[in-house]
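Please open the model in a viewer and keep the selection panel at hand. The tour below proceeds by successive selections.

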Amino acid sequence: MKLSRRKFLGGAAAAVSSLTLFNFNLLTNSPPASASDPTSETMKTFRNVCPRNCYDTCGMITYVQDGILKKVEGDPKHGYTNGKLCLKGYAYPRRVYSPDRIKYPMKQSPRGSGNWTRISWDEAMDTISKKILDLKKRYGSTLPICLDKYSGNFGIVHYGIEGTMSSLGYTTRALGTPCWPAGIDAQTYDFGTLYNNDPEDMVNANYIILWGQNAAWTAIHSIPFINKARERGAKLVVIDPIVTSTASKADLYIQVNPSTDGALALGMARYIIDNNWVDWEYGRANSVGFDEWVDYIKKSITLDWASEKTGVPKDIIMEIAREYATTKPASMWVGYGMQRHVNGGQNVRIIDALGVLTGNVGKSGGGVNYGHLETWGFNYNAMINPAPKGSKGFIGPDGKEGDRNINMNNFAHDVTAQSDPPVKMLWLACRNPGAQDPDTHAIEKMFASMEFVVTVDSFFNKTVEMSDIVLPATTHFEDWDVMASYWHYWVGINQRAIEPLYESKSDVEIAIELSKKMNKLEPGSCTFPTSGTPEEWLAKEFNPGILKMLGIKDYKELIDGPRKANMPSAAWSDGKFRTPSKKIEIHCELAAKNGLPALPIWVEEMKSPVKYPIRFITPHPQHALHSQFQNLDWMMTTNPEPKVEIHPVLAAQYGIAEGNMVKIYNDLGSITVKDHLTRTTSPNVVVSYESWYKNSNFNVNYTLKATPSDMGKQATGNNGVAFHDNFVMIEYG
Amino acid sequence: MSKQLGFLHNSEKCVGCRGCEMACKNEYQIDATPQWRKVFQLREEDFSLPTRMFFSMACNHCAHPECLRVCPVEAYTKRDDGIVVHDPNRCIGCRLCTMACPYDRPQFNPVKKKVEKCNLCYQRIDKGEKPACVAACILGALELVEINDSLDQKTGVLKTLPGLPSPKITTPSIRFIGPKQGKQIRRD
């Protein structure tokens, strides 16, 4: 024993001596044993806001020493995120300094080959400008250029991407939002718009239902407010097809049949009506169609039917109906997953009506909470640019000339379907359709048919792989911007904490470069301004309305801390609904005009086809925000590979054991992924969390048809995607 | 030793968000592989109902630290407040400590060819601040505590969790509050 130990040490000593040539401790910025000292005189702090597509939109404090970002922390002056970040937020230094970041403009020839060459910004702008001018000459307009931009960075100045396109002329635009439009329309039909209570107000709830909402992964900063309510005795109910981390903490978890949430709410409504727990006064005074809906329920809904449909026993429907209706105020939070179905918007309308039935709308501690855009009233200065003189546009159905809008949620199909003129060039920014769009094979085929593809990004993701030119995007630490949330009521400034790394540029800086080049090649061909510092561009986004809402006189006051909008804590507490009738429209003529039921009645869910009997649900991941973060080395260490969660009963039917590779497929495509057997799902639902792993082709969207959800068109231009109506077969792979 | 600092982890509050794990990485800008702190999921089969329950563990700053005992170069020291500090400048990367620790918390860094571990943010503690993981815990599930009899006499405070090595080996300075399950209405 002694001998072997000495021998072992001898080997170790040899290793140490070779290390002296390369003392890694000297090479690293911060030796592992010592924390970066925030009180150091050379340490500077900056305010940032996480700009990702996330409920929480965290206030951040960034520590910078000698121009290097040393670490990040939560901003203690942010009353909702309260000085703490999520795991993704803390991983930011690894995103900024990732060796995988795109550092320079690069071109790939041929497209898809992986043969990338570094080019100068001048060459990149020259190539792109000449292609734009060439297309304009050949087709007589800039309509062959199509922009697809969405949620990669929700900073207000990033709407300069849309502004880039406007400044070139009329272009083709991917219109819509993949994430949440069915629910937005539901609340638009019912209340006039989406508008949730201040999430901090959940502390006042005496009963809380999280309906298809996994806050532990997607809105962690809301949980302390929920817990405060629970400490006072509030009960937490989670309704979800999956036993999520949030559901694991609930007082009552209900595993509902996917896409039948509306049936559950209707069953609850029936029991509430039968027992006269209805708030007749609130309902009749504030809504139209109230009695009509009550009559529908009495005639058409039974508890037996609701139980059969949802898989929830009758006594449980009765229990939560009684508790929800009688334990006031009761808060409901409707998640985005539950509306990603062909009847998703309708299910949200039914849940909205349940809130009205019980008088929980417009109350502190209550509400049917989905999201809001009340704090987003900026100028969108960077977005608004006139088309160059003589630009030819698309004549829309209303006879007006403008951009040609196509469906973001059926992007591959719609791009290919354009013929007059066809789409020949794509510009992608803040968007990764290669990973996030339905029917990945169709996306790949469509990209391959393009003449030219430009992508602005920070990492070589699937979309970049299908591009001719990639332009390196700054991270938000390298930009000035301002961010609002679609959930909480805070707004924060985002300072340039460090200089742009390598040759990266913000979207507005790219637009400036493009405008210079375009006008040099063809004077007057681009209207995007060619001057202004990043902070000046930010300053132009503020107006008296937003300053007043935030209780400040100058945007610079935000450097002292984020501000909360001066709004009542309960949405709709003034009773001024924004519908045509100015009341809650339980009976909604606008919905009827759009071919939907006027009333929140039951609409059938999609049934699984015989050949593909298993539902494949692909919710948001914990370690990533869509295709962002999971590729970083810290994330790859803690979560190295994707998994599919399969119920042991289902796995046994197909001879599948824990840790097997499983092929998930249907007529559209397939993926093969390692399984984890768990009873957190149900026997007819398999679950895998969408994400982009480093050096992996894993993508949950190969089997997903571009099936529209029922709503979205009214408020967002296009219906959503029924992401969770994805039916597959599985086999040992 | 005048006292023993340690951690109290509450699985009833913890949702396994891994904020603590990443806050630790962020504080010290740790290389990719070593995980000074790690969130573990409790085994689903140990519960009557399927669930996602977690505990978070870094170095347990044991009263009888095996790492310190086996280290041939005295890279480990135990402070007056019980914190077990590892000095990377002394470490020769022999990995005896990684083999000796029942909790696998000294972590070998293949880049630096040395071991690293949680030093309980002693520099922060000396300035009166909380450790980075504790400061980052959104749900208040992770606390810095003094390990003593009065803590151990509190209801619900556990010295170990199912599946963990016996605390008799090293007397770890970690205590637990176990998970609590609600009611489930299931379709299987």
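Two strands are taken to pair if DSSP finds at least two bridges between them. The model to which this criterion is applied here is a predicted one.

**Stop 1: the strand pair across the chains.** Select strand 10 (252-254) of chain A and strand 11 (residues 183-185) of chain B. These two strands run parallel and are joined by 3 bridges, so the criterion of at least two is met. Within this pair, display Tyr253(A), which stands opposite Gln184(B) of strand 11 of chain B.

**Stop 2: the other neighbour of Tyr253(A).** Add strand 9 (residues 235-239) of chain A to the selection; 3 bridges connect strand 9 to strand 10 of chain A, again in parallel. Which residue is the bridge partner of Val238(A) in strand 10 of chain A? That partner is Tyr253(A).

**Stop 3: the whole sheet.** Extend the selection to the open sheet of 6 strands, whose order is 13(A)-12(A)-8(A)-9(A)-10(A)-11(B) and whose pairing is parallel. Its edges are strand 13 (368-369) of chain A and strand 11 of chain B, each of which pairs on one side only.

**Stop 4: a helix packed on the sheet strands.** Select helix 14 (residues 314-326) of chain A. This helix of 13 residues reaches 18 Å from its first C-alpha to its last, close to the 18 Å expected at 1.5 Å a residue. Colour Ile317(A), Ile320(A), Ala321(A), Tyr324(A) and Ala325(A), which are buried. Because these residues cover an arc of only 120 degrees around the axis, they lie on the same side of helix 14 of chain A. The elements against which the buried residues of helix 14 pack include strand 8 (207-211), strand 9 and strand 12 (330-334) of chain A; helix 10 (261-274) and helix 13 (303-310) of chain A are also among them.

**Stop 5: the contact between chains.** Now select the residues of each chain that touch the other: 56 residues of chain A are in contact with 46 residues of chain B. On the side of chain A, the elements that give two or more residues include helix 1 (2-19), strand 3 (68-74), strand 10 and helix 24 (633-638). Helix 1 of chain A provides the largest share, 7 residues. By residue class, this side of chain A comprises 33 nonpolar, 17 polar and 6 charged residues.

**Stop 6: the domains of chain A.** Finally, colour chain A by domain: domain 1 (106-178 + 376-564), domain 2 (197-369 + 579-593) and domain 3 (614-732). The centres of domain 1 and domain 2 of chain A, taken over C-alpha atoms, are separated by 38 Å.

Note on methods: Residues are numbered from 1 along each chain as its sequence is written. Chains are lettered from A and ligands numbered from 1 in the order in which they are written. This is a predicted model: local features need pLDDT of at least 70, side-chain atom pairs count only at pLDDT 80 or more; totals for chains, interfaces and linings use all residues. Two residues are in contact if their C-beta atoms, placed from the backbone, lie within 7 Å. Helices (H or I, at least four residues) and strands (E, at least two) are DSSP runs, numbered from the N terminus. Ala, Val, Leu, Ile, Met, Phe, Trp, Tyr, Cys and Pro count as nonpolar, Asp, Glu, Lys and Arg as charged, and the others, Gly among them, as polar. Domain bounds come from an automatic or database domain assignment. The expected span of a helix is 1.5 Å times one less than its number of residues. A residue is buried if 20 or more other C-beta atoms lie within 10 Å of its own, exposed if 12 or fewer, and partly exposed in between; C-beta atoms are placed from the backbone. The arc is that of the directions from the helix axis to the C-beta atoms.
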